[in-house]
Amino acid sequence: MRALFTFLAAATLPGCAGPGSYTPTPRGPYVVVLGTAQDAGLPQIGCLEERCVRARKHPQERRLVTSLLLADPRTGKRWLFDATPDIREQVTRAAPHPPTRSFSGPRPPLFDGLFLTHAHMGHYTGLLHLGPEAYGAKDLPVYVSTRFDTFLRQNGPWSLLVDAGVIRPEEILQDERITLGENLFVRALVVPHRDEFTDTLAFIIEGPRESLLYLPDIDKWERWSTPIEEVLARVDHALLDGAFYTADEIPGRDLSEIPHPLITESLARFAPLPASERRKVLFTHLNHTNPACDSGSPADLEIGNAGMGVARDGIIFEL
Ligand SMILES: [Zn+2]
Ligand SMILES: [Zn+2]
């Protein structure tokens, strides 16, 4: 497992990571985890529960909304996976990546492309920061499902971004492989999720040496015609939907209306797999109520004892 568990400060290069840690500068493509929280982040707006209060006091306890940066030092290019409500801070955190990125002028192109999983709050509303009121991007390729492509083109305010040439939606089909560089590919998988406006994609990023599955939202593993174990067997790392730890986490809320695989269900499902498979799994997209947000908590330890882990903002995977 080549994942480098590095908590990156805003302006650290991969070669000089946060306090007390050192990682060599990746020479090949790598992924930086820019966020690991459910759509509304941690702390969540107006929440006075202890975890959110603590996260306001201690920035290291915060989690930005789930997102990844794929960086390729060989070409200086980079791509964003999901455009979240935290995109402003995530662009700052992405600034040093890759170190070979060359640009001139005060407003260089932000990314060489975006990949969006689906049209829920945490995964695409950051697009608004690309428009003329903010960054004013130009002709930015945005890879989305066919239904998402239509949604962006036919509904405001997103259609304004398309019509003004800020973003250029590009359809990515089930199992289609997009080439981003030499031995660097992204493949899309359609997964079952509350599909009000769009369907929902997961992505497999394949690098020259390793691959990573990004699957932040799915209703339940059993509702997917593809067994998750089959996909897990094809990759080296998997960032999986870990929104809730147990069903009683949100009092007064019916979790059947917002289904996700509970982490306890995932632990039980993956228990029969060999340790080499379980080791690939890191849970992400954590709701602010999820006790696995707290490192060293009983929930976090239970996940570790089951041979899996919890993703943290700032970790890097060399691919
Ligand atoms: Zn989500
Ligand atoms: Zn969702």
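I began with charged pairs, taking a salt bridge to be a side-chain nitrogen of Lys or Arg within 4 Å of a carboxyl oxygen of Asp or Glu. I kept in mind throughout that this is a predicted model.

**Entry 1: salt bridges**

My first pair was Asp149 and Arg153, which form a salt bridge with their closest N and O atoms 2.7 Å apart. I found both residues in helix 4 (residues 146-154), where they sit four residues apart, about one turn of the helix. Then I asked myself: is Asp149 buried or exposed? Its relative accessibility is 7%, so Asp149 counts as buried. Arg153 has a relative accessible area of 41%, so I noted this residue as partly exposed.

Next I looked at Glu206 and Arg187, whose salt bridge has its closest N and O atoms 3.3 Å apart. Glu206 belongs to strand 10 (residues 200-206) and Arg187 to strand 9 (residues 184-191), so this pair ties together parts that are 19 residues apart in sequence. I found both Glu206 and Arg187 buried.

How many salt bridges does the structure hold? I wrote down 19 salt bridges. One that I followed further is Arg51 with Asp294, where the closest N and O atoms are 2.9 Å apart. This pair links distant parts of the chain, with Arg51 in helix 1 and Asp294 in the loop between strand 13 (281-284) and helix 9 (298-305), 243 residues apart. Arg51 is buried, and Asp294 is buried too.

I also noted a network here: salt bridges that share partners join Glu50, Arg51, Arg54, Glu61 and Asp294.

**Entry 2: zinc ion (ligand 1)**

Which residues are the protein donors of the zinc ion (ligand 1)? I listed Asp39 (OD), His123 (NE2), Asp217 (OD) and His285 (NE2), which lie 2.1 to 2.3 Å from the ion. Along the chain these donors follow the spacing D-x83-H-x93-D-x67-H.

I then checked the geometry of this site. The four donor atoms subtend angles of 78 to 170 degrees around the zinc ion (ligand 1), which makes the arrangement irregular. Asp39 comes from the loop between strand 2 (30-35) and helix 1 (50-57), and Asp217 from the loop between strand 11 (211-215) and helix 6 (228-234), so the two tie together parts that are 178 residues apart in sequence. I have both Asp39 and Asp217 down as buried.

**Entry 3: zinc ion (ligand 2)**

For the zinc ion (ligand 2), the protein donors I found are His118 (NE2), His120 (ND1) and His193 (NE2), at 2.1 to 2.2 Å from the ion. Their spacing in sequence reads H-x1-H-x72-H. How far apart are the zinc ion (ligand 2) and the zinc ion (ligand 1)? I noted a separation of 3.5 Å.

His118 is in the loop between strand 5 (113-115) and helix 3 (121-124), while His193 is in the loop between strand 9 and strand 10, so this pair ties together parts that are 75 residues apart in sequence. His118 is buried, with a relative accessible area of 1%. His193 counts as buried as well, at 4% relative accessibility.

**Entry 4: the sheet**

I traced an open sheet of seven strands, in the order 8-9-10-11-12-13-14 and with mixed pairing. At its edges stand strand 8 (177-181) and strand 14 (309-310), each with a single partner strand, so one side of each is left without a neighbour in the sheet. Strand 9 and strand 10 pair in the antiparallel sense over seven bridges. Looking for the bridge partner of Val190 in strand 10, I found Leu201.

**Entry 5: nonpolar cores**

I finished in the interior. The largest nonpolar core has 34 residues, and those with the most contacts inside it are Leu213, Leu215, Ile228, Leu240 and Ile303. Leaving aside neighbours within four places in sequence, I saw that Leu215 has contacts that include Val191, Ala202, Trp221, Trp224 and Ile228. There is also a second, separate core of 31 residues, with Ala137, Trp158, Leu161 and Ile316 among them.

My last stop was Leu232, found in helix 6. This residue is buried, with a relative accessible area of 0%. Not counting residues up to four places away in sequence, Leu232 touches Ala238, Leu273, Glu277, Lys280 and Val281. I also took one distance, C-alpha to C-alpha: Leu232 and Leu212 are 9.2 Å apart in space and 20 residues apart in sequence.

Key
Residues are numbered from 1 along each chain as its sequence is written. Chains are lettered from A and ligands numbered from 1 in the order in which they are written. This is a predicted model: local features need pLDDT of at least 70, side-chain atom pairs count only at pLDDT 80 or more; totals for chains, interfaces and linings use all residues. Side-chain values use heavy atoms; hydrogens and water are left out. Donors are N, O and S atoms within 2.8 Å of the metal (3.2 Å for Na, K and Ca); water is not among the atoms, so sites may look incomplete. Four donors count as tetrahedral if all angles lie between 85 and 135 degrees; four count as square planar and six as octahedral if opposite donors are over 155 degrees apart and all others between 65 and 115; anything else is irregular. Buried means under 20% relative accessible area, exposed over 50%, partly exposed in between (1.4 Å probe, protein chains only). A nonpolar core is a set of buried Ala, Val, Leu, Ile, Met, Phe, Trp, Tyr and Cys residues joined through side-chain atoms within 4.5 Å. Contact means heavy atoms within 4.5 Å. Two strands pair if DSSP finds at least two bridges between them.
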